[in-house]
Amino acid sequence: MNEIIIEDYSKKIKNTEVLSHVNLRLEGGNVYGLKGKNGSGKTMLMRAISGLIKGSQGKIIINGEVLGKDISFPRSIGVLIENPSFIGGYTGFQNLKVLADIQKRIDDTRIRNVLKQVGLDPQDKRTFRKYSLGMKQRLGIAAAVMEYPDIVILDEPINALDESGALRVREILKEQKDNGAICIIACHDTEELEYLSDVIIDIQDGVIVGER
Amino acid sequence: MKNRLFYDWKLMLAQVHLGIRSHWKWYCVPLLFGMVQGYLFFWQLALWSQYTPEIFYGSFGDMIMYVFRGMEEYVPHNMQQFQVPVTYLLINIGVAVFVGNQTARDLEDFGKLQLLRYHNRTVWWLGKCLWCVVHILIFYGMLYMGLLFAMFANIRHLELSGIRDIFQIHTYIYNNVFYCQMPMTNSVGTVLLIAVLMPMVTSIALSFLQMCLEMLLSPSVVMVLLMGIDVLSAFFMKWCWLGNYMMIFRYNFINPNGVCWQLGLEIDVCVAVLAIFIGNILFGRYDVMPRMKEYV
């Protein structure tokens with residue numbers, strides 16, 4: 001089973017502790033919702049688990065391997081952190097194809113299916129530059145989940161999405177969860193977050209204050 | 001092990017391909033710049049030929065010299081006003097804008113998604129360095145293409161008696177149009193080879209330095225620092241200021257006190273290798289997150 005263990009992890013940036021002594025154990029097949037105000041450290045915790053930032057103290061162990069020591073990044077991860085950014089001159093399909101070609105874990109059919117799953121047309125000739133905000137968000141989600149990753153991190157996944165888009169996110173998260181992935185999400189809509197998550201992690205000023 | 005290396009190499013090549021393909025439109029800029037420089041050369045030639053009829057014919061070699069001439073040594077006590085050579089500065093700015101824009105922004109955009117799939121920071125970094133080399137070669141290639149366009153459009157000003165003539169340097173142009181009175185002590189072939197090779201190699205070294213510094217400082221600050229190096233290079237004719245190796249008038253085959261191209265090549269290679277090496281270490285510790293925004 002997939003597992004993330006965070007042990008006494010802290011991150012300091014310019015004398016400000018943005019994450020402070022975080023201790024967590026995350027298991028596959030669950031959706032973890034990060035709850036907290038703006039600037040509480042939700043996105044920073046997501047970045048830390050992704051391996052995008054280096055901790056000042058402590059360690060993150062992913063499936064028995066220490067992040068930053070045994071591995072630079074988790075072996076199988078899909079992320080949507082901040083605004084989805086892709087190549088402006090490429091279509092949605094082309095963008096996903098470029099990413100999929102790096103690891104070659106999936107074929108074109110899977111890319112088409114995941115685009116349909118998020119509500120985008122795989123045949124759409126419009127380039128990413130011409131996408132609406134909601135379409136960009138959908139493509140970002142598609143990129144995060146297309147390779148059936150062991151860890152799925154979605155920061156504000158329902159941002160800019162309409163009702164049908166939000167419903168699709170629910171379905172996608174359920175699918176990923178059923179596949180045994182560890183899903184970590186952050187969302188400002190508390191109701192939606194509580195609905196989507198199996199476990200809610202409260203975070204305040206970089207400190208985990210509760211887990212329920 | 002062999003498979004892993006082959007896979008990493010393919011990832012690097014893919015990054016080069018993507019970097020070039022997604023920014024191909026921007027290569028019109030050096031092409032247009034080359035054309036403008038070519039036209040300026042012929043305009044000056046036409047202007048001079050009104051007064052001195054023997055100054056009429058130019059060659060592609062003269063055009064290369066015109067673009068990469070830079071400036072002669074600046075001597076402050078001669079009451080001479082210091083003016084940075086515009087062409088030299090524009091070429092440097094052009095290269096720096098491309099490189100800075102690509103690496104710094106990429107990590108906040110699509111590059112982040114690639115990096116997570118590469119699983120290896122070193123491969124990503126080396127891919128960027130490789131892209132940088134290819135990009136600079138294309139940049140200069142487009143600039144030369146622009147010069148060629150201008151040359152063929154002004155064919156009446158050229159002596160086209162053979163390929164050897166195209167690559168010759170006319171002393172009368174050198175003396176009257178470029179205002180350089182010092183004799184050239186090297187063969188024309190060597191001079192042109194240096195004029196073509198050294199700006200490219202120096203640009204690569206400066207770009208690696210730029211990418212490396214961007215791991216520590218914001219891209220705009222690094223840009224200012226590079227501009228500083230360019231201006232100081234124009235001010236001081238010293239071996240340690242890399243910009244000197246991009247200006248033909250600063251070489252010791254024109255100015256006896258000038259810089260030596262062999263030493264320049266060695267320094268460029270050293271700077272490039274060090275920047276790749278140090279950049280890799282810095283990138284290994286680099287926090288990938290937006291710089292201008294809030295941290296959390």
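This is a short talk on a predicted model with chains A and B, going from strands to helices to the core and then the largest pocket.

Hi everyone, and thanks for coming. Please keep in mind throughout that we are looking at a prediction.

Let's begin with the strands of chain A. Strand S1, residues 3–13, and strand S2, residues 16–27, pair in the antiparallel sense over 8 bridges. If you want to check the register on your screen, find A:Ile5, which stands opposite A:Arg25 in S2(A). Another pair to look for is A:Lys12, opposite A:Glu17 in S2(A). The hairpin these two strands form has 2 residues between the strands, and there A:Lys14 takes a positive phi near 45°.

Now zoom out a little. In chain A there is an open sheet of 4 strands with antiparallel pairing, and the order is S2-S1-S4-S5. Which strands sit at the edges? They are S2 and strand S5, residues 65–66, and each pairs on one side only.

S2 has one more thing for the backbone-minded among you. A:His21, which lies in strand S2 of chain A, has a positive phi of about 45° although it is not a glycine. Its relative accessible area is 41%, so A:His21 counts as partly exposed. There is a further non-glycine residue with positive phi, A:Glu156, at about 50°. That residue is in the loop between strand S7, 151–155, and helix H5, 163–178, of chain A. Is A:Glu156 buried or exposed? With a relative accessible area of 10%, A:Glu156 is buried.

Chain A has parallel pairing to show as well. Strand S3, residues 30–35, runs parallel to strand S8, residues 182–186, and 5 bridges join them. One place to see this is A:Val31, whose bridge partner in S8(A) is A:Cys183. S3(A) also runs parallel to strand S9, residues 199–204, this time through 4 bridges. Here A:Gly33 stands opposite A:Ile200 in S9(A).

On to helices. Helix H1 of chain A, residues 42–50, is mostly covered, with 9 of its 9 residues buried. Those buried residues include A:Lys42 and A:Arg47 along with A:Leu45 and A:Ile49. Right after the helix comes A:Gly51, whose phi is positive, near 85°.

Let's stay with A:Leu45 for a moment. Leaving aside neighbours within four places in sequence, A:Leu45 is in contact with A:Ile6, A:Leu19, A:Val22, A:Leu24, A:Leu34, A:Ile203 and A:Ile208. That brings us to the largest nonpolar core, which has 165 residues; A:Ile4, A:Leu45 and A:Leu96 touch the most other members. Which element gives this core its largest share? The answer is in chain B: helix H6, residues 121–153, with 15 residues.

So what does chain B look like? Its secondary structure comes to 11 helices and 0 strands. Of its 296 residues, 51% are buried. Among contacts in chain B between residues at least 6 apart in sequence, 76% join residues at least 24 apart.

Why can we call helix H3 of chain B, residues 60–67, largely enclosed by the rest of the structure? Because 8 of its 8 residues are buried. B:Asp62 is one of those buried residues, as are B:Phe60 and B:Tyr66.

For contrast, take B:Leu232 in helix H10, residues 219–235. B:Leu232 has 34% relative accessibility, so it counts as partly exposed. Its C-alpha atom is separated by 27 Å from that of B:Val134, with their positions 98 residues apart along the chain.

Last stop, and probably the part you were waiting for: the largest pocket. Its volume is about 750 Å³. The lining has 26 residues, and A:Ile87, A:Gly88, A:Arg129, B:Ser22 and B:His23 lie nearest the centre. The elements that give two or more residues to this lining are helix H1 (2–22), helix H4 (86–106) and helix H5 (110–118) of chain B. H1(B) gives the most, with 5 residues. For anyone thinking about the chemistry of the lining, it divides into 8 nonpolar, 10 polar and 8 charged residues.

That's the tour. Over to you for questions!

Note on methods
Residues are numbered from 1 along each chain as its sequence is written. Chains are lettered from A and ligands numbered from 1 in the order in which they are written. This is a predicted model: local features need pLDDT of at least 70, side-chain atom pairs count only at pLDDT 80 or more; totals for chains, interfaces and linings use all residues. Side-chain values use heavy atoms; hydrogens and water are left out. On a 1 Å grid over the protein atoms alone, a cavity is a set of points where a 1.4 Å probe fits but cannot get out, and a pocket is an open set with protein on both sides within 12 Å along at least five of seven lines; lining residues have an atom within 4 Å of a point. Grid points are joined across faces, edges and corners, and a volume is the space filled by probe spheres set on the points. Ala, Val, Leu, Ile, Met, Phe, Trp, Tyr, Cys and Pro count as nonpolar, Asp, Glu, Lys and Arg as charged, and the others, Gly among them, as polar. Two strands pair if DSSP finds at least two bridges between them. A nonpolar core is a set of buried Ala, Val, Leu, Ile, Met, Phe, Trp, Tyr and Cys residues joined through side-chain atoms within 4.5 Å. Buried means under 20% relative accessible area, exposed over 50%, partly exposed in between (1.4 Å probe, protein chains only). Contact means heavy atoms within 4.5 Å.
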